[in-house]
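Colleague: I should like to learn how to read the features of a structure that is new to me. May we begin with the structure itself?

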Amino acid sequence: MLLAELAEVSRAVAATPARLEKIARLAEALRRLAPDERAVGASWLAGDLPGGRIGIGGATVRAALDAAPAEGGGPGLTVAEVDAALGRIATASGAGSAGARRRELDALLARAGAPERWFLAALLLGELRQGALEGVLADAVARAAGLPAAEVRRAAMLAGALPPVAVAALSEGAAGLARFRLRVGEPVSPMLAQTAADVEEALRALGGEAALEWKLDGARIQAHRDGGEVRVFSRSLRDVTAAVPEVVALLRAAPEPRLVLDGEAIALRADGTPEPFQVTMRRFGRRLDVERLAPDLPLTAFFFDALVAGGAELLASPERVRWAALERAVPAEQRVPRLVTRDPAEAGAFLEDALARGQEGVVAKALDAPYEAGRRGAAWLKVKRAHTLDLVVLAAEWGSGRRRGWLSNLHLGARDPSTGGFVMLGKTFKGMTDAMLAWQTERLKALATGPLDAWQVPVRPELVVEVAFDGIQSSPRYPGGLALRFARVKRYREDKRPEDADTIETVRGLYGG
Ligand SMILES: Nc1ncnc2c1ncn2[C@@H]1O[C@H](COP(=O)(O)OP(=O)(O)OP(=O)(O)O)[C@@H](O)[C@H]1O
């Protein structure tokens, strides 16, 4: 296939907002790729370079574009030829390799017409990549291969990428896809969570009704049972079977012979409240320690998902179906406490109760979503106790896109009584309403101590803002060595002066405590 054709498809897909048209265009392109071009073609259509970075920076790409002769062209570049050239660029090494890369790129651009140049540059600069494209492309692979889209998505999740799945689906059809199976005994990357500011926001984002579960601050476990064989894996897919004999015993005692369950193992105190994370983690240290500690520091397993149960692989099934399978697989005391609700007040009470019992917060889950292995998907939203601090605005950055013309990203500082100054702890552009943006832009412009046409405007430290955040982490980027995690504005405290703002000592106390 010619690169020009692929470039045209990519351009057309970016230009149309219509999902079905995108799918049709992409499917057609996938069908037209030669067998040996399928893997690389699918990658490029997704905006990715197979193998990742190829050792050419943005500045070099731009310089090469500027230097390229006005009209390239000639015999059309094929996808396979370009793939080979990019391969040579990626593997150039040793003395003079930068020059060799640049010459290779120049030669490519000299042969490329305008649309091909645009495509190559966008590909090399990472500008073709966009999240939404992945889903569209999976549907296009399904269309091109004549297979169910859900099967293609499931296979891509297990493969960790779409291109190998595209190759298998297009070359071998259903049999090719069937190779991407969850195998009991082999771990898959766990699904992760995004953050929501509070339960109300989480319910709204998940479409009203959702499952809320305790967020236990323990260790993630993925437990596999195949008959008498049990293996347990950590979040990073390490085999931790030897560290968790209790979990192994539970799985062996379960009525079903084939299971893959996802959950959390945690050390509990006699009163049922959790030990701190660090204490639980002692059980995952060296083997001798585990044997010594196990009797006095038992682990309790709380499962929250079933990836294989009831004789079926459930990754593509909705969360409510997986939970129902989990209910059949293990007794209630081995499942994480859970509430399905659409009522924010009920959800709030569930969060408060979890916090009161010493849990970290809750995870809200979309009932209809599949298990997105290895993804920090939007179907799981964690909500933790929000701390707040009253901080002083030290500077602000101009917004872009919808926020163009507004001072948006605030630099936040805590008071430092020892110097009379302020210590920056982070930035945030989150949590602001349009009214707040308009108001703060006017106020900050009046307080500016530097030019307003710079992207970042320093201001007199006078405005006090109440900021919510999830935690404090050490950070070499900020002068106090500390930074706020997931900071967002709650409201301006016009009733407070900068002298009333929270101090860096308070922040250090929160960090230590
Ligand atoms: N009910 C639950 N459902 C899902 N994950 C849970 C649950 N309870 C505890 N967890 C833990 O919370 C984690 C989900 O949060 P996330 O994916 O953001 O992990 P993280 O990056 O380690 O974040 P954090 O530091 O907030 O735990 C899971 O990896 C799991 O270990």
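**Reading helices and strands**

Modeller: Certainly; this is a predicted model. In helix 13 (residues 245-253), the buried residues include Val247, Val248 and Leu251.

Colleague: Where do the buried residues of helix 13 fall when seen down its axis?

Modeller: The buried residues of helix 13 lie within an arc of 100°, so they line one face of the helix. Among the elements covering them are strand 3 (219-226), strand 4 (229-233), strand 5 (258-267) and strand 6 (299-309).

Colleague: In what order do the five strands of the open sheet stand?

Modeller: In a regular strand, side chains alternate between the two faces of the sheet. Here the order is 4-3-5-6-7, with antiparallel pairing. Strand 4 and strand 7 (312-313) are the edge strands, each pairing on one side only. Strand 3 and strand 5 run antiparallel and are joined by eight bridges; arginine 225 stands opposite leucine 259 in strand 5. Helix 16 (residues 319-329) packs on the sheet and touches strand 5 and strand 6. The direction of helix 16 makes about 125° with that of strand 6.

Colleague: Why is strand 10 described as largely enclosed by the rest of the structure?

Modeller: Buried means under 20% relative accessible area. Strand 10 (residues 376-384) has seven of its nine residues buried, so it is largely enclosed.

Colleague: In which sense does strand 10 pair with strand 1, and in which with strand 9?

Modeller: With strand 1 (residues 192-195), strand 10 pairs in the parallel sense over four bridges; alanine 193 has glycine 377 as its bridge partner. With strand 9 (residues 361-365), the pairing is antiparallel over five bridges, and valine 363 stands opposite lysine 382 in strand 10.

Terms used:
Residues are numbered from 1 along each chain as its sequence is written. This is a predicted model: local features need pLDDT of at least 70, side-chain atom pairs count only at pLDDT 80 or more; totals for chains, interfaces and linings use all residues. Side-chain values use heavy atoms; hydrogens and water are left out. Buried means under 20% relative accessible area, exposed over 50%, partly exposed in between (1.4 Å probe, protein chains only). Helices (H or I, at least four residues) and strands (E, at least two) are DSSP runs, numbered from the N terminus. The arc is that of the directions from the helix axis to the C-beta atoms. Contact means heavy atoms within 4.5 Å. Two strands pair if DSSP finds at least two bridges between them. Axes are lines fitted to C-alpha atoms, for helices over the stretch in contact, and angles run from 0 to 180 degrees between N-to-C directions.
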